[in-house]
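Here is a short report for a reader new to this structure. Look over the sequence and the model first, then read on.

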Amino acid sequence: MPKTKIHVIHENVAWVEPLRAAFSEIGAPFEEWFISDGVLDLSKAPPNGVFYNRMSASSHTRDHRYAAELTGGFLAWLQSHGRKVVNNGRALQLEISKIAQYTALADFGIRTPRTIAAVGRDHIVAAALRLTGPFITKHNRAGKGLGVRLFQNIEALREHLETPAFEPSVDGITLIQEYIQAPEPFITRAEFVGGKFLYAVRVDTSLGFELCPADVCQVGDAFCPAGAPAAAPQFRILNGFSHPLIERYQRFLAANGIGIAGIEFIADREGELYTYDVNTNTNYNAAAEAEAGIYGMRAIAAYLERERRELEKATRAVPVTA
Ligand SMILES: Nc1ncnc2c1ncn2[C@@H]1O[C@H](COP(=O)(O)OP(=O)(O)O)[C@@H](O)[C@H]1O
Ligand SMILES: [Mg+2]
């Protein structure tokens with residue numbers, strides 16, 4: 001019997017299914033820690049094992065309002081006991097705040113779109129007045145394209161703010177951001193597992209802003225309305241993608257406790273790349289992966305199982321004292 005397991009912290013069963021299958025294929029012992037409401041007893045010690053945090057920024061939209069907050073508590077507890085945590089408390093901070101993401105990306109010389117954060121309608125308008133040209137709004141704590149809207153001018157924003165369609169971010173912070181006009185409607189998402197680059201996937205944005213690659217989002221699911229399937233595949237893995245940005249991303253990830261993530265960027269007309277979203281809870285598109293013959297969840301399972309085996313060896317090497 002193994003003494004250690006892989007523990008997967010999450011709040012969305014549907015997103016974990018492909019990972020379960022990947023663990024089963026290689027016989028990796030794992031356990032799911034579904035966190036929404038619950039109990040954390042600080043006087044207890046956590047089990048020995050490898051912990052993979054998949055808490056999502058959009059957990060509140062699945063009726064798990066405090067899942068991220070409680071997960072923050074769990075991660076602090078695990079880390080204080082010296083447990084190996086993939087996507088640790090710092091990673092969670094970034095997951096639930098684009099401000100935290102953008103400032104941390106800037107530390108590594110990674111360009112982000114000009115962004116102003118605002119709380120309160122008057123301040124949102126004032127923030128937009130500082131930008132020239134079209135701009136978008138988005139939630140600071142987002143995922144699923146929450147609050148992402150394109151505005152051509154201030155008047156359109158003012159009107160929108162007066163309608164029920166305006167919804168503030170769950171943390172109250174709206175971001176006003178320079179709109180990056182891509183010459184072709186696509187963005188690129190670079191996937192990393194175990195801190196290493198796995199692949200880049202090109203995502204067609206002609207259908208809109210809500211771009212969740214998970215299978216469950218491909219059926220017009222209310223949680224991730226990717227829209228009707230496009231004629232061309234919406235996701236396509238790029239063969240042999242390479243760019244100096246990848247190395248910067250890797251350093252950024254390592255410095256922020258992130259082992260597994262998908263990072264999104266967009267190119268403007270001049271070919272400048274702007275990074276605008278770090279997903280520490282990443283999902284993969286099954287059709288695109290089948291086409292390319294490369295599988296993110298298998299890579300995650302293999303990586304976590306390697307980590308677990310190392311821990312298992314170390315655990316068994318410790319002499320048992322009376
Ligand atoms: N500054 C921007 N310029 C142009 N398009 C953007 C910009 N920011 C976001 N988008 C579009 O909106 C989508 C969702 O925005 P994103 O920041 O990734 O939010 P979320 O965290 O909710 O996924 C992006 O995938 C992209 O297509
Ligand atoms: Mg995104």
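## A buried serine in a loop

Setting aside neighbours within four places in sequence, S36 is in contact with D63, H64, Y66, A67 and L70. This model is predicted. S36 sits in the loop that runs between β2 (30-34) and β3 (49-53). Is S36 buried or exposed? Its relative accessible area is 11%. The cut-off for buried is under 20%, so S36 counts as buried.

## The shell around ligand 1

How many residues surround ligand 1? There are 22, and the closest are K98, K138, G145, I180 and Y276. By class, the shell has 12 nonpolar, 4 polar and 6 charged residues. Four strands each supply at least two residues of this shell. They are β6 (135-139), β8 (174-178), β12 (261-267) and β13 (273-279).

Some polar atoms come close to the ligand. A polar backbone atom of G143 is 2.9 Å from an oxygen atom of ligand 1. I180 places a backbone N or O atom 2.9 Å from a nitrogen atom of ligand 1. E264 uses its side chain: a polar atom there lies 3.1 Å from an oxygen atom of ligand 1. Taken alone, ligand 1 exposes 550 Å², and the protein buries 96% of that.

## The magnesium ion

Which residues are the protein donors of the magnesium ion, ligand 2? They are E264, through OE, and D277, through OD. These donors lie 2.0 to 2.6 Å from the ion. E264 is in strand β12 and D277 is in strand β13, so the pair ties together parts that are 13 residues apart in sequence.

Both donors are covered by the protein. E264 has 5% relative accessibility and counts as buried. D277 is buried too, with a relative accessible area of 10%. E264 also has the polar contact with ligand 1 described above.

## Helix α4

Helix α4 spans residues 98-106. A cap is found at its N-terminal end. There, a side-chain oxygen of S97 lies 3.3 Å from the backbone nitrogen of I99.

Which residues of α4 are buried? They are K98, A100, Q101, Y102, A104 and L105. K98 is also among the closest residues to ligand 1. In an α-helix there are 3.6 residues a turn, so residues three or four places apart point the same way.

The buried residues of α4 pack against several elements. Among the helices are α3 (89-95) and α7 (244-255). Among the strands are β5 (115-118), β6, β8 and β13. Of these strands, β6, β8 and β13 also supply residues to the shell around ligand 1.

Notes: Residues numbered from 1 in each chain as written. Chains lettered and ligands numbered in written order. Predicted model: local features only at pLDDT ≥ 70, side-chain atom pairs only at ≥ 80, totals over all residues. Heavy atoms only, no water. Near = heavy atom within 4 Å. Polar contact = N/O pair within 3.5 Å; in protein donor to acceptor, adjacent residues only side chain to side chain. Areas by Shrake-Rupley, 256 points an atom, 1.4 Å probe, with all protein chains shown as cover. Nonpolar A, V, L, I, M, F, W, Y, C, P; charged D, E, K, R; others polar. Donors = N, O, S within 2.8 Å, 3.2 Å for Na, K, Ca; no water. Buried < 20%, exposed > 50% of the residue type's maximum accessible area, 1.4 Å probe, protein only. Contact = heavy atoms within 4.5 Å.
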